[in-house]
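Welcome! Please take a look at the model below, and then we can walk through it together.

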Amino acid sequence: MSHPTLQPMLEEIYKAFDTIAEQMFLMRDLVKTSVEAAQQAETTPAPQPQADPDPEPEATLDELKARLSEFVLKDQAANQARLAQILAKYGARNVSGLNPSDYAAVLAEIQE
């Protein structure tokens, strides 16, 4: 049985835990992506310049998580709230819940 005056406080604590957990996952994914990129850079030769540049490829979930993590870490208090707003705008509770077709739009929003 919960105390009626504690319920709003508990809800805020639950939200904070969700936010912290999401940030932990983003940071874990950023580290994983960075390590994988470093390993790939060691084994992949540098690409040769092309005459006709291709259009920018679609972002992957790993790339999106890495960029969002960097975005949040720049100003955690402000950007964490902004990220939550962006996710809600696209109907996602967390980054993994985003539709892949929205990745580019989300990246564009964090660059504004």
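**A guided tour**

Four salt bridges are counted in this predicted model, a salt bridge being a side-chain nitrogen of Lys or Arg within 4 Å of a carboxyl oxygen of Asp or Glu. Side chains of opposite charge can pair when their charged atoms come close. One of the four joins the side chains of D18 and R93, at 2.6 Å from N to O. D18 sits in helix α1 and R93 in the loop between α3 and α4, so this pair ties together parts that are 75 residues apart in sequence. D18 is partly exposed, at 40% relative accessible area, while R93 is exposed, at 68%. Those words follow fixed cut-offs: buried is under 20% relative accessible area, exposed is over 50%, and partly exposed is in between (1.4 Å probe, protein chains only).

A word on how to read the model. Residues are numbered from 1 along each chain as its sequence is written, and side-chain values use heavy atoms, with hydrogens and water left out. Because the model is predicted, local features need pLDDT of at least 70 and side-chain atom pairs count only at pLDDT 80 or more, while totals for chains, interfaces and linings use all residues.

Now for another salt bridge: the side chains of R82 and E109 meet at 3.2 Å, N to O. This pair links distant parts of the chain, with R82 in helix α3 and E109 in helix α4, 27 residues apart. E109 also meets K89 in a salt bridge, at 2.9 Å, N to O. Through shared partners, R82, K89 and E109 are joined into one network. Within this network, E109 is buried at 9% relative accessibility, R82 is partly exposed at 29%, and K89 is exposed at 58%.

Let us step back to the whole chain. Its secondary structure comes to four helices and zero strands, where helices (H or I, at least four residues) and strands (E, at least two) are DSSP runs numbered from the N terminus. Helix α1 has 37 residues and reaches 54 Å from its first C-alpha to its last, close to the 54 Å expected at 1.5 Å a residue; the expected span is 1.5 Å times one less than the number of residues. The buried residues of α1 pack against α2 and α3, and among them are E22, Q23, L26 and D29.

What do the buried residues of α2 pack against? They pack against α1 (7-43), α3 (76-89) and α4 (103-110). Two of the buried residues in α2 are L64 and L68, which, together with V95 and L98, touch the most other members of the largest nonpolar core, a group of 16 residues. α2, α3 and α4 each supply at least two residues of this core. Such a core is a set of buried Ala, Val, Leu, Ile, Met, Phe, Trp, Tyr and Cys residues joined through side-chain atoms within 4.5 Å. Leaving aside neighbours within four places in sequence, L98 is in contact (heavy atoms within 4.5 Å) with L64, L87, Y90, A92, Y103 and V106.

In helix α3 you will find Q80, which is buried at 19% relative accessible area. Beyond its neighbours within four places in sequence, Q80 is in contact with T19, Q23, V72 and D75.

We finish in α1, the helix where I20 is found. I20 is partly exposed, with a relative accessible area of 45%. R28 has its place in helix α1 too, and counts as partly exposed at 47% relative accessibility. The C-alpha atoms of R28 and K65 are separated by 9.5 Å, with their positions 37 residues apart along the chain.
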